[in-house]
Amino acid sequence: MAINKNALIRYKTIDKCLQNKYRQWTLNDLIEACSDTLYEYEGREVNVSRRTVQLDIQMMRSDKLGYNAPIVVYDRKFYKYEDEDYSITDIPLTENDMNVLSETVEMLKQFKDFSLFSELGGIIQRLEDKVYTEKTHQASVIHLDKNEKLKGLEHLDLLYQAILKKIVLRLTYKSFKARSASEIIFHPFILKEFNNRWFLVGVTGNKSQISTFALDRIISVDYDLDIPYRNENFNGDIYYKNTIGVTVLDEKHIQEIILKIDRSNAPYVVTKPFHATQKIISTDKDGSVTIKLLVHINFELERLILGFGDAIEVLEPRVLRKRIRKKLEAAAIKYKI
């Protein structure tokens, strides 16, 4: 149930009033208190009607918000909490609340490397304390794929801030193929995650071609405030529109890929498409399906296909079919006795 801000302010105001057991509260008193509090928040007169506060009390008494507030009327005109120690701020968490909070805390922890979420640290800790003081600790029922030992994660926040503030970077970078590290002037556009690895995307120096650097190959990062940042209005969604993974090639490498998936694996590919361009061409009598994609023929696509082994067949284009066949033949040779 959606609740607007003013309603929450009124609930809290009524709650605060009824906690004061040294005063008798009439309906008019509660209306006046709500009006005064809303004036402080809004900076203007807010009309709080008699009917509004009556409905607020009714809502607080119900279990719709989980309050079940024991509000009673005595002497036919005064309101109070039957349980003098009650407050809507102290209501216990339900079992469902506990489960939701536990899993939310676990998911928020995935973003601990970004300063954007650093202020959540204390909130997350308090949530954990609240959850675990009211519930026996148990293993999370949502397990997110993560690898705490990945190199380069320590650079995440620095790179994130550079992108936000549009600052040029001096990267010390060493690719897997390079014999030694080199310094690169880099204009960062976005951070991209794929297959549990992080990549920095942008342009180097005065070049126009988009470059992608793996964070686990970045040795050090420095800001260079003397070089003007190249604001290219880069759009990641458009750039990766026809790409599986992070390797974006020339448009000439975008081709219609036709794949046949066997019966046992077809449901997985149908329910979890390889790419947004995936379409089903046909479903055979034996349960296999034929699909088509419109993507770059890159390393990630090849690895995806090879990962299915004999469960998938490349029908088109011939160049990809030939490439996959050679790799499978080479792999088969390694298993010959």
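**Cysteines and a four-stranded sheet**

Guide: Let's start with the sulfurs: in this predicted model, the disulfide count comes to zero.

Visitor: How do you know that Cys 17 has no bond to the closest cysteine sulfur?

Guide: A disulfide needs two cysteine sulfur atoms within 2.5 Å. The sulfur of Cys 17 is 6.7 Å from the closest one, in Cys 34, so that's too far for a bond. Looking from the other end, Cys 34 is in no disulfide either, and its nearest cysteine sulfur is that of Cys 17.

Visitor: Why is Cys 17 called buried?

Guide: The word applies under 20% relative accessible area. Cys 17 has 7%, so it's buried.

Visitor: And what makes Cys 34 buried?

Guide: That cut-off again: under 20%. Cys 34 comes in at 1%, so the label fits here too.

Visitor: On to the sheet. Why are S10 and S12 said to stand at the edges?

Guide: The open sheet has four strands in the order S10-S11-S9-S12, paired antiparallel. S10 (279-283) and S12 (312-316) each have a single partner strand, so one side of each has no neighbour in the sheet. From one strand to the next, the twist averages 30°.

Visitor: What makes S9 and S11 a pair?

Guide: Two strands pair if there are at least two bridges between them. S9 (residues 254-261) and S11 (residues 289-296) have eight, in the antiparallel sense. So by that rule they pair. As one example, Glu 256 has Leu 294 in S11 as its bridge partner.

Visitor: Which strands does helix H9 touch?

Guide: Helix H9 (residues 299-306) packs on the sheet against S9, S11 and S12, while helix H10 (residues 318-334) touches S9 and S12.

Key. Residues numbered from 1 in each chain as written. Predicted model: local features only at pLDDT ≥ 70, side-chain atom pairs only at ≥ 80, totals over all residues. Heavy atoms only, no water. Helix = DSSP H or I, 4+ residues; strand = E, 2+ residues; numbered from the N terminus. Axes fitted to C-alpha atoms, helices over the stretch in contact; angles between N-to-C directions. Contact = heavy atoms within 4.5 Å. Buried < 20%, exposed > 50% of the residue type's maximum accessible area, 1.4 Å probe, protein only.
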